[in-house]
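This report introduces a protein structure to a reader who has not met it before. Please keep the sequence and the structure in view while reading.

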Amino acid sequence: MGYRGKLEERERARALRSQSWTLQAIAAELNVSKSSVSTWVQGVDFVARPRNRGHPAGPKHPMRLRKEAEIEACRAEAEEWVDEVSPRDLAMISLGLYAGEGAKTPGTVSMANTNPGLLRILLSWLRYEFDVDEQRLRARVYLHDGLDIDEATAFWSDALGIQLSQFQKPYRAVVDASIRSRKHVRGCATAIYSDAFLHRRVMARIAAITSQFDIPG
């Protein structure tokens, strides 16, 4: 979906919350997790209603009920399928994430994302698989002007397990009203580990996997 797509989902979630939709209703509408919605709508003013916040009174439409049932069935199926993530599972998803989202410039293992869960997956693998020096880890926050950089940095520090003192100077983006009026309150974080040899090892593993799917000739 990409950064813009995630921002559009977040802005839709915030708009629905301002109309007093429940977190669960927003999650079902956008087909995302309730925890994601909870993060996205923090700080949005709304009028609490006992039931059907933002929805007309009366029973739900059959199509809505079907959608909610399918989402719940998919969630339950996925949880049963995942079971317990093995070290190899962690390695494969991390390599896939890095192949798609990670920096390819030699010398640094780094990845940017608005989703703290995805960055935590990558860092968990690096910490498990390699001899990572925690003091060499760095992070940087990308946040629009007018938003609380201290709160955002504290959030990412806690989410990624990287000390505040190891955060680089944040990038403050200028608001462009022609694109969107509201911004991601915690911005986008980049996790950084400068190690040329480690970067080569990561890229070599990605190449080893993708080579098995190369088309001959």
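What percentage of the 217 residues of the protein chain count as buried? The share is 32%. The model is a predicted one, and the description below moves from the whole chain to individual residues.

**Overall architecture**

The protein chain contains eight helices and four strands. Read from the N terminus, its elements follow the order α-α-α-α-α-β-α-β-α-β-β-α. About 13400 Å² of the protein chain is exposed, and 54% of this area is supplied by carbon and sulfur atoms. Among contacts between residues at least 6 apart in sequence, 76% join residues at least 24 apart.

**Helix α2 and the residue after it**

Helix α2 covers residues 23-30, and the buried residues in it include A25, I26, A27, A28 and L30. N31 follows α2 and has a positive phi, near 60°.

**Three residues in three helices**

The table sets out the relative accessible area of one residue from each of three helices.

| Residue | Helix | Relative accessible area |
|---|---|---|
| E77 | α4 (residues 62-82) | 56%, exposed |
| T153 | α7 (residues 149-160) | 15%, buried |
| M203 | α8 (residues 196-210) | 25%, partly exposed |

Why does E77 count as exposed? The relative accessible area of E77 is 56%, and the class of exposed residues begins over 50%. E77 also belongs to a negative surface patch, which is formed by E77, E80, D83 and E84.

T153, in helix α7, counts as buried because its relative accessible area is 15%, the cut-off being under 20%. Which residues does T153 touch, leaving aside its neighbours within four places in sequence? They are V141, L164 and F167.

M203, in helix α8, has a relative accessibility of 25% and therefore counts as partly exposed, a class that lies between the buried and exposed limits. With neighbours within four places in sequence left aside, M203 is in contact with Y98 and K104. How far apart are M203 and Y98 in sequence and in space? These two residues are separated by 105 residues in sequence, while their C-alpha atoms lie 8.7 Å apart.

**Summary**

In this predicted model, E77 is exposed and takes part in a negative surface patch. T153 is buried and has V141 among its contacts, whereas M203 is partly exposed and is in contact with Y98.

Conventions
Residues numbered from 1 in each chain as written. Predicted model: local features only at pLDDT ≥ 70, side-chain atom pairs only at ≥ 80, totals over all residues. Heavy atoms only, no water. Patch = residues over 30% accessible without salt bridge, like charges linked within 9 Å, V, L, I, M, F, W, Y side chains within 5 Å. Areas by Shrake-Rupley, 256 points an atom, 1.4 Å probe, with all protein chains shown as cover. Salt bridge = Lys/Arg side-chain N within 4 Å of Asp/Glu carboxyl O. Lys, Arg positive; Asp, Glu negative; His and termini not counted. Charge placed at Lys NZ, Arg CZ, Asp CG, Glu CD. Helix = DSSP H or I, 4+ residues; strand = E, 2+ residues; numbered from the N terminus. Buried < 20%, exposed > 50% of the residue type's maximum accessible area, 1.4 Å probe, protein only. Contact = heavy atoms within 4.5 Å.
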